[in-house]
Amino acid sequence: MTNSSTATPAAFPLTIHPHWRAAAEAKGFGILQRVKDRYHLLLSCHTCRRTNASKIFVVMNSQPQCPHCIQDRWQADAEAVGLQWAGRDPQSRHHSFYIANCGHRLRRQFELIKRAAAGICDVRCELCQQQKEQEEAEAQGWELIGTDPDGNQNYRLYRHPECGHEQRVARANMQTGRFGCGLCGEDWPAAPSHLYAMQFKLPNGTCLVKLGFSRNPDSRLRHQLLKHRDLDAKILKTVPMATGQLALQTEKRLHAKLQAGFPDLVAPPDLYAGELRVKSEVYFADAAQVIFAMLDAIEAEEDS
């Protein structure tokens, strides 16, 4: 008969050798006991004080890794870029899931999130980005189809609803409206345009005005003329013109009158070189009233 009070022998040795402890301590861990089988140890991480199992071979021959500390780093990297860590991807050891501020679920590589946390790159939600790009296209009267068929990341494929034409367009051009439809669009000489007067206030307090023409004066101001978006600048007056060619001819005639009749009002390019992307046809503020009078006269001619 078996004595029930006799202890059942352990399924594996329980001895923890001193050189194991020394190796574990040198690598940031304490050994609590042997677990699972004769090959595993239960370690206590000196950093987070949580436990994890590791093979004796790993403790002795390489650097054990605390899974809890690793997960803490994943969570910290996610929070640094405004994301919430939502668990590892069971299909890939290089990927994890994250919840963006918009509520959408993202799948990203750990390394990408780490780089983003270091400020090397950005993380964006594809769904929100696609919606943003669709709104940009709609603002210009176009529809976003998708990515560039030629693989250029700066381009997208769009459709022009008015004629059904599909066209590759640089996203920057779609944002500013500086492009035309390849099927039904008009080149700038034939397309409607505008004369404009703009004002710029330089950081030193000097006010300048510019006379020019553009199919889209606001785009011309915000996306072409200014070197710095925060420069105090505004459109003072615009006059519609039937064609770009007519606008160009009229603008040249007005500049000739200004430079011949008021040469002292022509601003030297060095004055505004650091703020504007043009090198001529800019005047001191006192020229504004003269320019207004010229534009008023042109406007009256166009209305008559």
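Contact is taken here to mean heavy atoms within 4.5 Å. The structure described is a predicted model, and the mean pLDDT of the protein chain is 91, with 96% of its residues reaching 70 or more. Among the elements of the chain, the lowest mean pLDDT, 88, belongs to helix α7 (residues 217-225), whereas strand β13 (residues 282-284) has the highest, 97. Over residues 1-5 the pLDDT stays under 50, and for this stretch the model has zero contacts beyond four places in sequence.

Helix α5 and its surroundings are considered next. E133 is found in helix α5 and, with a relative accessible area of 5%, is buried, because buried residues are those under 20%. When its neighbours within four places in sequence are left aside, E133 is in contact with L144, R156 and R171. With R156, E133 forms a salt bridge in which the closest N and O atoms are 2.7 Å apart. This pair links distant parts of the chain, since E133 belongs to helix α5 and R156 to strand β8, 23 residues apart. Both E133 and R156 are buried, and a network of salt bridges links E133, E136, R156 and R171.

The helix that carries E133 lies across two strands: α5 (residues 126-139) is placed over β7 and β8 and runs at about 135° to β7. These strands belong to an open sheet of three strands in the order β7-β8-β9, in which the pairing is antiparallel. Strands β7 (143-147) and β9 (165-170) stand at the edges, each with a single partner strand, and one side of each is therefore left without a neighbour in the sheet. From one strand to the next, the twist averages 35°. The antiparallel pairing of β7 with β8 (residues 155-160) extends over four bridges, and within this region T147 stands opposite R156 in β8. R156 thus appears both in the strand pairing, opposite T147, and in the salt bridge with E133.

A further antiparallel pairing is found between strand β4 (residues 84-88) and strand β5 (residues 95-99), which are joined over three bridges. The two strands form a hairpin with six residues between them, and R88 stands opposite S96 in β5.

The structure holds 14 salt bridges. Side chains of opposite charge can pair when their charged atoms come close. One of the salt bridges joins R50 and D72, the closest N and O atoms being 2.5 Å apart. Because R50 lies in the loop between β2 (40-45) and β3 (51-55) while D72 lies in helix α3, the pair ties together parts that are 22 residues apart in sequence. R50 is partly exposed, with a relative accessible area of 34%, and D72 is likewise partly exposed, with a value of 33%. Another salt bridge is formed by the side chains of E281 and K252, at 3.7 Å from N to O. Here E281 is placed in the loop between α9 (269-272) and β13, and K252 in helix α8, so this pair ties together parts that are 29 residues apart in sequence. K252 is partly exposed, with a relative accessible area of 46%.

The largest nonpolar core comprises 17 residues, of which L195, L254, I291 and L295 touch the most other members. Two or more residues are given to this core by each of β10 (193-201), β11 (207-214), β12 (232-241), α8 (244-261) and α10 (288-303), and the largest share, five residues, comes from α10. For L254, once neighbours within four places in sequence are set aside, the contacts are L195, L211, M294, L295 and I298. A second, separate core of 15 residues includes F200, L202, A267 and V282.

One long separation along the chain involves I291, a member of the largest nonpolar core. The C-alpha atoms of Q75 and I291, which are 216 residues apart along the chain, are separated by 60 Å. Q75 is placed in helix α3 (residues 67-80), the helix in which D72 also lies, and at 27% relative accessibility Q75 counts as partly exposed.

Note on methods. Residues are numbered from 1 along each chain as its sequence is written. This is a predicted model: local features need pLDDT of at least 70, side-chain atom pairs count only at pLDDT 80 or more; totals for chains, interfaces and linings use all residues. Side-chain values use heavy atoms; hydrogens and water are left out. A nonpolar core is a set of buried Ala, Val, Leu, Ile, Met, Phe, Trp, Tyr and Cys residues joined through side-chain atoms within 4.5 Å. Buried means under 20% relative accessible area, exposed over 50%, partly exposed in between (1.4 Å probe, protein chains only). Two strands pair if DSSP finds at least two bridges between them. Axes are lines fitted to C-alpha atoms, for helices over the stretch in contact, and angles run from 0 to 180 degrees between N-to-C directions. pLDDT is the predictor's confidence in each residue, from 0 to 100. A salt bridge is a side-chain nitrogen of Lys or Arg within 4 Å of a carboxyl oxygen of Asp or Glu.
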